[in-house]
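Here is my note on the model you sent round. Please read it with the structure open.

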Amino acid sequence: MSLSLIGKSISVSATLKLNETAAILRDKGEPVIHLGGGEPKSKAPVDALIAAANLLNSGEIRYTPPDGIPALKKAIIRYTEEFYNRLVEPENVIASSGAKQSIMVCLQAILNPQEEVIYPAPYWVSYPEMAKLIGAIPVPVYSEDGTFYPRLQDIEQRVTSYTKAIIINSPNNPTGAMYSEKFISEIVEFCEKKGIWLIMDDIYHRLVFDGKKPINCYKFAKDLTENSKLVVVNGVSKQYAMTGFRIGWAVGNKKLIEAMTNIQAHQTSGPSVVTQVAAAAAINGVQSQVESLRLTLENNRNILMERLKAFNGVKAYKPDGTFYCFADFSYYMKDSTKLAQFLLDKVRVAVVPGIEFGLEGYLRLSTCGSVKDITEGIERIKWALDPDAPNELYIGERKLVRDWL
Ligand SMILES: Cc1ncc(COP(=O)(O)O)c(C=O)c1O
């Protein structure tokens, strides 16, 4: 079939594919435990649901401005003031159909074909594919010290005359690592000095543990004028458990936001008005649900870390935030895709192979399910991989007999 080069080069989203496979197996009645998910299981805030329902009841569901309705932009401005101590104007804000679209249109507005975008590895699966979609070159940077915490010197080494943008995602998907204030201040200063766009993907910034607080990148910026190349991306998906609403946003200089708006206007127009109204209500509404989600995730993280200690061969690094843990399973199998498939086939546990995030031998385990999902899922994985485990395992009524170790 004569597909375009781009059509042929973009990979399937590993995480979305995994969701699909797990859902198909579940529909067939298979007892799948999903430790691969990227969305909290709590309900959307009631304020959001009421606002959406009221609008639906009115029957007036229309197009919106391509950069979002004024009420949502106002809520985002207030959010930016509260969490970033920065007062921006409506022209500095665009609302999109998810943070994913905000990042995509931002990259489209910034990068020419062959220009480079740098991001620390391990990285969110979509960054390389987004760069490829515009013919730009994705440049993942691995820390030479082998940790999940990037260092400026490693990034500096990969900067060329083609480098146009750097994306920083902290706390990070897939590692859960929250980068230090020192690193954030260094990267802000470095990008300002070099005139490189800095995109802060802050989608998990409120989901941090151990008393940590979200880091405000603007604190380190010297240039807060309309020449600033600092862009902050956020959204309602993770913090408010509103993944299906598809609302995210970007805050940046007015020229950039205008260009992003023009692109988005031709791509999808404004996001759905129903979900914009819901997102505004969530941002303006009672915030206790965010704290309760954060506490649940911290507890889940602790339980997961405890359970992983039972493995001889797993190296797990304690996440500072998010709902992911990126653990080294290479002792059991070097090929993470094969290992993930093996776990799904043998014990019906879904996990995402590390290679999808740029690091072979690792698995991304998600803690956004229930405590039972975590404990039972890890028990099944242990049974599948541990030669000393008993030969049989019961999943409900079903008896599994191990015939592979
Ligand atoms: C690092 C990161 N950025 C952005 C997104 C996109 O979020 P949204 O649902 O708002 O498109 C995700 C979703 O998984 C993510 O993990």
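The points below run from the whole chain down to single residues.

1. Status of the model. This is a predicted model. Every value in this note is computed from it.

2. Overall build. The protein chain has 13 helices and 15 strands. Its radius of gyration is 22 Å, close to the 22 Å that the globule rule gives for 405 residues, so the chain is as compact as a globular protein of that length. The C-alpha trace spans about 65 × 55 × 55 Å along its principal axes. Of the 405 residues, 47% count as buried. Take the contacts between residues at least 6 apart in sequence: 73% of them join residues at least 24 apart.

3. Two domains. The domain assignment splits the protein chain into domain 1 (5-43 + 288-401) and domain 2 (46-284). Domain 1 is thus given as two segments, 5-43 and 288-401. The C-alpha centres of domain 1 and domain 2 lie 27 Å apart. The contact draws 32 residues from domain 1 and 30 residues from domain 2.

4. The domain 1 side of that contact. Which elements give two or more residues to it? They are helix H1 (5-9), helix H2 (14-27), helix H11 (288-308) and S10. H11 supplies the largest share, with 7 residues. By class, this side of domain 1 divides into 15 nonpolar, 9 polar and 8 charged residues.

5. The ligand shell. The ligand is surrounded by 13 residues. Gly98, Ala99, Lys100, Gly235 and Ser237 are the closest. Sorted by class, the shell holds 3 nonpolar, 8 polar and 2 charged residues.

6. An open sheet. Four strands are arranged in the order S9-S10-S13-S12, with antiparallel pairing. Strand S9 (315-316) and strand S12 (352-353) are the edges, and each pairs on one side only. Strands of a sheet pair through backbone hydrogen bonds, either parallel or antiparallel. Inside this sheet, S10 (residues 324-328) and S13 (residues 362-366) pair over 5 bridges. To find the register, look at Cys325: it stands opposite Leu365 in S13.

7. Strand S2. Are the faces of S2 (residues 93-96) covered or open? Both are covered. Val93 and Ala95 are buried on one side, and Ile94 and Ser96 are buried on the other. S2 pairs with strand S8 (residues 248-251) in the antiparallel sense, over 4 bridges. Within that pairing, Ile94 has Ala250 of S8 as its bridge partner.

8. A hairpin. Strand S14 (residues 392-395) and strand S15 (residues 398-401) pair in the antiparallel sense over 4 bridges. Ile395 is bridged to Arg398 in S15. There are 2 residues between S14 and S15. Gly396 in the turn has a positive phi of about 60°.

9. Leu256. This residue lies in helix H9 (residues 254-267). Why does Leu256 count as buried? Because 22 other C-beta atoms lie within 10 Å, and the cut-off for buried is 20 or more. Leaving out residues up to four places away in sequence, Leu256 touches Ala109 and Val231. Gln114 is another matter: Leu256 and Gln114 are 142 residues apart in sequence and 20 Å apart in space, C-alpha to C-alpha.

10. Two cis peptide bonds. One joins Ala121 and Pro122, with omega of about -5°. Pro122 sits in the loop between strand S3 (116-120) and helix H6 (126-133). Another joins Asn173 and Pro174, with omega of about 25°. Pro174 sits in the loop between strand S5 (163-169) and helix H8 (181-194).

11. Positive phi outside glycine. Asn85 has a positive phi of about 50° although it is not a glycine. Asn85 is in the loop between helix H4 (70-84) and S2. Arg348 also has a positive phi, of about 55°, and is not a glycine. Arg348 is in the loop between helix H12 (336-347) and strand S11 (349-350).

12. Burial of those two residues. Asn85 has 10 C-beta neighbours inside 10 Å, so Asn85 counts as exposed. Arg348 has 20 other C-beta atoms within 10 Å, so Arg348 is buried.

How values were computed
Residues numbered from 1 in each chain as written. Predicted model: local features only at pLDDT ≥ 70, side-chain atom pairs only at ≥ 80, totals over all residues. Near = placed C-beta within 6 Å. Nonpolar A, V, L, I, M, F, W, Y, C, P; charged D, E, K, R; others polar. Rg over C-alpha atoms; globule rule 2.2 N^0.38 Å. Buried ≥ 20, exposed ≤ 12 C-beta atoms within 10 Å, placed from the backbone. Contact = placed C-beta atoms within 7 Å. Pairing = 2+ DSSP bridges. Domains from an automatic or database assignment.
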